[in-house]
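Please open the structure in your viewer and keep the sequence panel beside it, so that each selection can be followed in both. The tour moves from stop to stop, and at each one you select a few residues and look at what is there.

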Amino acid sequence: YYMNGQLIEKSTGEKDLGVYVCTNMKPSVHVANSAKKANQMLGLIKRNINNKTVDVITRLYKQMVRPHLEYCVQAWSPWLQKDIDLLESVQRRATRLIPELRELPYDQRLRKMKLTTLAVRRYRGDMIEVFKIMKGMEGINKENIFKTTCTPYSTRGHQYKLELPFARLDIRKKFFSVRVIEAWNKLPAHIVEQKTILGFKMNIDKHIKRTIKRG
């Protein structure tokens, strides 16, 4: 294609609303850029903060670093292990900024800082987003995204179970509207049937803590 006599070069990716979208629909480019920005913020913290206590670093990490790793993550949640590891490496680096925790294993550093892995955070975010869509809190017609399978009188599981659509390609299986179905359907009824987003968050957090302890 030409515009004003100039050849328009073909692009393999574009940035839309802060998210890099590539022709192969894989999130690797966005993951790399997110990790780069987050690491830059970690470098800033490392160079300029002398009082690297658990409380100080945890607060700075949550406010200045983690948002880069989670912005609009429902649209680009990674599934390739290299992308998952790249994001997690940023949080690993953040936990090592604290001198008193530096020699501890990663899982112990997380507990000291009252954090979870980013994979658990993405799961939590997915479930919250499904809840908001199902409750009409997002201004989105849920029927355009999900199809319910249960009637209000169903006795198995909760009444908001969703039908898993057919997906032939692995990339399609990782789309938000497909990947969340199994996890959502497994949630206990008392969590899904909460009336408010605050109630849902409190109960999903308790559910996650119990799951981690059993694991």
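A residue is called buried when its relative accessible area is under 20%, exposed when it is over 50%, and partly exposed in between. Keep in mind throughout that this is a predicted model.

Begin by selecting Arg 121 and Glu 70, whose side chains meet in a salt bridge with 2.8 Å from N to O. Arg 121 belongs to helix α5 (residues 118-134) and Glu 70 to helix α2 (residues 54-70), so this contact ties together parts that are 51 residues apart in sequence. Arg 121 counts as partly exposed, because its relative accessibility is 24%, a value that falls between the limits of 20% and 50%.

Next, select Lys 147 and Glu 163, which form a salt bridge whose closest N and O atoms are 3.8 Å apart. Both Lys 147 and Glu 163 lie in the loop between α5 and α6 (170-173), and this pair, 16 residues apart, links distant parts of the chain. Glu 163 is partly exposed, as its relative accessible area is 37%.

Move on to helix α6 and select Asp 170 and Lys 173, which lie three residues apart there, or about one turn of the helix. These two residues also form a salt bridge, with 3.8 Å between the closest N and O atoms. Is Asp 170 buried or exposed? At 52% relative accessibility, Asp 170 counts as exposed, whereas Lys 173, with a relative accessible area of 38%, is partly exposed.

Now add Arg 66 to a selection of Glu 70 and Arg 121, since salt bridges that share partners join Arg 66, Glu 70 and Arg 121 into one network. Over the structure, the count of salt bridges comes to 11.

Turn from charges to rings: a search of the whole structure finds three aromatic pairs. For one of these, select Phe 131 and Phe 200, whose ring centres are 4.4 Å apart and whose planes meet at 15 degrees, so the pair is stacked. Phe 131 lies in helix α5 and Phe 200 in helix α9 (residues 197-214), so the two rings tie together parts that are 69 residues apart in sequence. Both Phe 131 and Phe 200 are buried. If you add Trp 184 to the selection, you will see a cluster in which ring pairs link Phe 131, Trp 184 and Phe 200.

Go next to strands β3 (residues 13-16) and β4 (residues 19-22), which run antiparallel and are joined by four bridges. Within this pairing, Asp 16 stands opposite Val 19 of β4. The two strands form a hairpin with two residues between them, and Leu 17 in the turn has a positive phi of about 55 degrees.

From there, select Tyr 1, which lies in the segment before β1 (2-3) and is exposed, with a relative accessible area of 81%. Together with Met 3 and Ile 8, Tyr 1 forms a nonpolar patch on the surface, and the three have about 420 Å² of accessible area together.

For the last stop, select Lys 36 in helix α1 (residues 28-48), an exposed residue with a relative accessible area of 53%. Then select Leu 87 as well: Lys 36 and Leu 87 are 51 residues apart in sequence, and their C-alpha atoms are 9.5 Å apart in space.

Terms used. Residues are numbered from 1 along each chain as its sequence is written. This is a predicted model: local features need pLDDT of at least 70, side-chain atom pairs count only at pLDDT 80 or more; totals for chains, interfaces and linings use all residues. Side-chain values use heavy atoms; hydrogens and water are left out. Patches are made of residues with over 30% relative accessible area and no salt bridge: like charges are joined within 9 Å, nonpolar side chains (Val, Leu, Ile, Met, Phe, Trp, Tyr) within 5 Å. Accessible areas come from the Shrake-Rupley method with a 1.4 Å probe; for residues, only the protein chains shown count as cover. A salt bridge is a side-chain nitrogen of Lys or Arg within 4 Å of a carboxyl oxygen of Asp or Glu. Buried means under 20% relative accessible area, exposed over 50%, partly exposed in between (1.4 Å probe, protein chains only). Two strands pair if DSSP finds at least two bridges between them. Rings of Phe, Tyr and Trp (its six-membered ring) pair if their centres lie within 6.5 Å; planes under 30 degrees apart count as stacked, over 60 as edge-to-face and the rest as tilted.
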